[in-house]
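Hello,

Here is the structure I promised to pass on. Please open it and keep it beside this email.

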Amino acid sequence: KNSVKAMEKELITCSLQGKEKAALKRSQIFQVPGGKDLETKVIVVLGKEGMGKSILVQKICQDWSNGEFSQFEFVFSFDCKQISLPEKRYSLKDLLLEFFVKPQEGSKEIFEYILQNPAKVLLVFDGFEGLHDHENFPRCLASQPEKDLCNIKDLLSGLIQKKILNGCTLLLTARPKDKVYQYVSKVDKTIEMAGFSPQQRELYITKYFKGLPYCDNALKLIKEREYLFSHCYSPVMCRFVCFLCEMVLEMGDKSLPSTLTTVFLKFVQQKIIPMQTDVTAVQNQESLSTLARLAWCLGEKHQSAMKSDLLPSKEVKEFALKYGFFLPFAFPKHSDTGEEEFGSTFSDFVIQNFLGALHLMLAEEIKDKSLTKYLSFPSKKKKPYNWLDLVPRFLAGLLFLQDDPYFCSLSNKDVKQSAKKQKTLLKYIRRLQINELCPERLLELLHCIYEAQSDYLFQHVALRLQPDLSFLGIILTPPDVHVLHSILKWSRKEFSLDLRNSRIDMQGLKDLAGLKNVASFRASLSDTVRLWKSLEQTKDYELLRASTEKFVLDPFKAKTMKDISDLSDLVEMQERMISCVQDASGCSSYEIPAIKNLRKLEFALGPVCGLRGFLKLVEILAAFPSLQHLDLDALSENGIGDEGAKSLSEVFPTLTSLETLNLSQNKITDVGAEKLATALPSLYSLKTLSLYNNSICDFGAENLAKVLPEMASLRVLDVQYNKITGVGAQQLTESLRKCPHIKNLVMWNPTIPYGVLEHLQQLDSRISV
């Protein structure tokens, strides 16, 4: 079973916006393109709690010990929660050669070698969020940071600011939402941990139960609880669910709990109850209550570890270690006293969250009216109250489990007090302006409602959801999708969903798109096409057609080459759809509505990929019969030039609906203007043409002037900020006389004498300067 924990998980390299992703091997983690050898490199690994960041760190250390990552002669790995206690102070030498490993001899020489060869050193800080709270990260104030004693924040600050060991490599792991970038000025590479796919979840569960008599039943049992199975995308949660399933099967039960709260309630109960007597039951309840208070108090300080001698009592310490709530660790011996100190840390982040919620339930000093401030969905601006972000979900679940025998066995508290707290929660949710919640807060509310398993709350929230739900740029995990799917099913409204850049998995997209009351949805093109190809392979033509009918593309903005490739795949998919629909219904033609109805297309790839991407785009433009607005004006300038203009002009006859063409700032010269002018009359619907800020001279102006009378639909022409002189301006003005349909000609150019332009404007008031 231990080998299961080290299962390979996909790593993803992502841009800061998280809009592109690519699989990454462990051997590629430290490859930083363009990195300077003499400067410290900072690599950040992001991942939600329980996604396997610590396992990755262990694998990196193991790989290094087996001869990989040979660029490093020294690798030092630190668990931030163990070294971040405020009372602990270190010098760099203490941290490396006392805390991590103490050489039997030659410490001074080894440390001097490290200082002289920083490029050969890798420093790993696992759990960077354990080193900061809501305050700013400190500046390194130590005058001799290598030798001076300072807390770990100051020491790490010196490393990041390159005042200490400049040239080393820093690997930081952190949660995505902890805003590493406000503490680290420059990140050379960002990597994000991806969770288990449904197939990997099944593989993990199968390996966990391999060799046990109920191996086949276990997977079936877990998959029957779709909500629990969705949580198994997280390796840590998958382990918990497997452990509980093992206990349930051994006891002869035939079903698993339905929520996270009931899972952890049973998890705690399974650990404690079988070994206790009537005498120890009360003592265990008291120890658990004390441990819960400790979990909450540490969470408020953004901590999960403490010095062992600060634990309230010997009984609590033994209780926590005996039942696996705590794990012990050792601090380095003090060089002056030789004394060894020990610390204790919660064995898991989920355990600390559950115990924190249990404290809020049981603590008499926390009155029912003050309970709502610990929930994390109050407003768009207000930050969550506590670092323990699963507490609101567990709290909502516990409030609706007050009569549960398992819960009662853990507490001797007054049930009436719990009932008051439940009423407070109900009243609070009734007063919430649900339609004003931002997407993150809405999802948090849905999780809390799901944990409560209250039909009344489900119906209450479902009735108040907005018909247009946008999760644009919000990462949707499998559990997020499950609770969203559950609440949408309760509603009688029709919904429009925006799921772009949400990294929703294919199963989640399939489930949401398949809901009858989801009338339309937007999602990333690659995910949508992948879903359709999957449905085509499984011959699920009914859902395939339904999801294509609902998919919305308009307006579409292409920012990367991948966007262009995805758009090409969509067009190609339409060709495949024709044969699918023909097989299913006998109809010989089919148009994907998203392609048929695309009206506005923006192109903003910038100068590096602009021409290459545009030439690929031109190949598929004819597939969009309703395209009205083609915008190639980008702040970074696409620079399609004359070659791009030529290619575009060749497909003008197919763009029968085009009304606005914006070719501003694209380095088009007279050559490109001539090609455009020749083909422009074939754009029968064109109303606005912008050639602003190009390099068109008098020859180009002359060619445009020739075709203006033939462009009967044109209303606005913008040729300002080119290189047209008075000669070209005169030709355009003369042509304008033959074009009563044109309402505005924007013609200011620095190369046209002001007097000439003023005179032309007096001749024709439609000329703008």
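Below are some notes on its cores, one helix and its salt bridges.

This is a predicted model: local features need pLDDT of at least 70, side-chain atom pairs count only at pLDDT 80 or more, and totals for chains, interfaces and linings use all residues. Residues are numbered from 1 along each chain as its sequence is written, and side-chain values use heavy atoms, with hydrogens and water left out.

Start with the cores. A nonpolar core is a set of buried Ala, Val, Leu, Ile, Met, Phe, Trp, Tyr and Cys residues joined through side-chain atoms within 4.5 Å. Buried means under 20% relative accessible area, exposed over 50%, partly exposed in between (1.4 Å probe, protein chains only). The largest core has 191 residues. Phe264, Phe325, Leu355 and Leu488 have the most contacts inside it. Apart from it lies another core of 31 residues, including Phe111 and Leu155.

Next, helix α6, residues 152–160 (helices are DSSP runs of H or I, at least four residues; strands are runs of E, at least two; both are numbered from the N terminus). Of its 9 residues, 8 are buried, so the rest of the structure largely encloses it. Leu155 is one of them.

Last, the salt bridges (a side-chain nitrogen of Lys or Arg within 4 Å of a carboxyl oxygen of Asp or Glu). There are 18. Glu192 pairs with Arg503, with the closest N and O atoms 3.1 Å apart. Glu192 lies in strand β7 and Arg503 in the loop between β12 and α21, so the pair ties together parts 311 residues apart in sequence. Glu192 is buried; Arg503 is partly exposed.

Best wishes
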